[in-house]
Amino acid sequence: MPQPTTPGLPAALSRLDQLTNWERKLRGEMRVGLEPMLDLMQRLGDPHRSFRAIHVAGTKGKGSVCALLEAGLLRAGWRVGRYASPHVDRVNERVSVLGSEVDDEALAKAIMQVLDRYEGAKQAATAGEDATWFDVITAAAFVVFRDAGLNWAVVEVGLGGRLDSTNVVFGEVAIVTNIGLEHTEILGTTREAIAREKVGILKPGATLATTLGADDEAGRVLQERADQLGCDVLRTDLAGDATIAETNIALVGLVLEHLGRQGESVLEGDVKGRPIGPELLQPDVVAKARLPGRMERFDFVLPAALRRGRETVPLIMDGAHVPFNIEAVLRDITRLSDVSGECVAVVALASDKDAPGFLGVLSRYVSDAVFTEASGSGRAHVAEELAEIWRSLGMAGEVEPDPHKALDRALEKASERGGWILVTGSLYLVGALRNTVSGTIG
């Protein structure tokens, strides 16, 4: 009797896309709650309990922190997976197994398995019938991790923390990288309120790690919750002008050192048996942890007509979308010795972002901008609205809704001025342009 074949990934994604995807919709009426996920987990045999987890929340840096943790633990010889969101080019980016994107067949199989349980929940009219696109892809990641026999997973929160789909896992270490104003229509309008949502990933018996001091208004909320639960708190101790990379490495090093003190050790290599620690974060390990669209540098080859004495223009892609994130990104870029001259930005923002705040920061670093729209989110600010805010700040800019044409205009401007280009405001924008940019690098 022939064995059934696994449907291809396109078929699985087509079926998945029938569910509500709040990443691509206005989030004012977004359903939040763990009941659908818990129902799916039970129907799947609780795959989230098959591995140990480190759970990571925060306004910025959580993706890079997850990637660093994964790379460090892999260097120690552990069988590690990583779950992340959103993706830039392919949905497979969200699920990493032993340092590589999950293959199409394994992901398709897991998605179909979860969707079958979702259909069962619909027939039984249980909580799982309300599962969303993100619930299902999260559950599929946990199925992949179980089936791959992983012993650890680094799990990135999608939105918030307390009611996020990922919060069915028990994170032995719960990380809150930092707190800024974001998704205020869902998480609250103050840093304290947002901190309460993000620290919701902390559970009794876990350890909290953060960059926020106890004297910070959001840091106090984290400390209070840790005290209520009887959890220890680990904090970085860095100078205020530390770069994003330095901050992320320090935080991950702190977590690795804690795991080493808890008895976790290197499983292979010359130092087998030694407690794990920050020394795992060697330069080659850090290099492997770099993510697309996060301070990603290209030397874009200019068309012959635009060269004006140089063949390439520096181009940096970063999906920063909140004011304090873009401030940190631009501050770090100004320290680069090989990026100079006027900056021309290509900008798109989702409609739920703080456009005046974001553009106010950008205006202190950027001389000109081309505003466009990243339609993949389904909730983009109209480019002309962004341009109006920009002009009200006394800045020069123009509108080109098509991202590729917007990049062409930025190239012309940067070439004329001997400057460089920043693509920012949205990972959807980065995803729309990244293949074009990476295909024409020097």
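This passage describes the two sheets of a predicted model, the helices beside them, and several individual residues.

The structure is a predicted model in which residues are numbered from 1 along each chain as its sequence is written, and side-chain values use heavy atoms, with hydrogens and water left out. Local features need pLDDT of at least 70 and side-chain atom pairs count only at pLDDT 80 or more, whereas totals for chains, interfaces and linings use all residues.

One open sheet has eight strands in the order 4-3-2-5-1-6-7-8, with mixed pairing; helices (H or I, at least four residues) and strands (E, at least two) are DSSP runs numbered from the N terminus, and two strands pair if DSSP finds at least two bridges between them. Its edges are strand 4 (100-101) and strand 8 (232-235), each of which pairs on one side only. Within this sheet, strand 1 (residues 52-57) and strand 6 (residues 171-176) are joined in the parallel sense by five bridges, and Val56 has Ile175 of strand 6 as its bridge partner.

Two helices lie across strands of this sheet, where contact means heavy atoms within 4.5 Å and where axes are lines fitted to C-alpha atoms, for helices over the stretch in contact, with angles from 0 to 180 degrees between N-to-C directions. Helix 3 (residues 62-75) lies across strand 1, strand 2 (80-83), strand 3 (95-97), strand 5 (152-156) and strand 6, and runs at about 170 degrees to strand 5. Helix 5 (residues 133-147) lies across strand 2, strand 3 and strand 5, at about 175 degrees to strand 2. The expected span of a helix is 1.5 Å times one less than its number of residues; for the 15 residues of helix 5 this gives 21 Å, in agreement with end C-alpha atoms that are 21 Å apart. Because 13 of the 15 residues of helix 5 are buried, this helix is largely enclosed by the rest of the structure; buried means under 20% relative accessible area, exposed over 50%, and partly exposed in between (1.4 Å probe, protein chains only). Just after helix 5, Gly149 adopts a positive phi of about 70 degrees.

Helix 8 (residues 217-229) has 13 residues and reaches 19 Å from its first C-alpha to its last, close to the 18 Å expected at 1.5 Å a residue. Its buried residues include Ala218, Val221, Leu222 and Leu229, and what covers the buried residues of helix 8 includes strand 6, helix 7 (191-198), strand 7 (207-210) and strand 8. In the loop between strand 8 and helix 9 (244-261) is Thr236, which is buried at a relative accessible area of 16%. Beyond residues up to four places away in sequence, Thr236 touches Thr210, Thr211, Ala250, Leu251 and Leu254.

A second open sheet has six strands in the order 9-10-14-11-12-13, again with mixed pairing, and its edge strands are strand 9 and strand 13 (396-399). The twist averages 20 degrees from one strand to the next. Strand 9 and strand 10 (residues 312-318) run antiparallel and are joined by six bridges, with Val313 in strand 10 as the bridge partner of Phe300. Helix 12 (residues 355-362) lies across strand 11 (343-347), strand 12 (368-371) and strand 14 (420-424), running at about 160 degrees to strand 11.

The axes of helix 14 (residues 403-417) and helix 15 (residues 427-438) come within 10 Å and cross at roughly 65 degrees. In their contact, Pro403, His404 and Leu407 of helix 14 meet Leu429, Ala432, Leu433, Thr436 and Val437 of helix 15.

Ile333 lies in helix 11 (residues 323-333) and counts as buried at 1% relative accessibility. Leaving aside neighbours within four places in sequence, the contacts of Ile333 are with Met295, Ile316, Val339, Trp420 and Leu422. Met295, in the loop between helix 10 (283-288) and strand 9 (296-301), counts as partly exposed at 31% relative accessibility.

Most residues other than glycine have a negative phi, and most peptide bonds are trans. Met295 nevertheless has a positive phi of about 50 degrees, and phi of Asp46 is near 55 degrees. Asp46 is located in the loop between helix 2 (35-43) and strand 1. The peptide bond from Ser85 to Pro86 is cis, with omega near -10 degrees, and Pro86 lies in the loop between strand 2 and strand 3.
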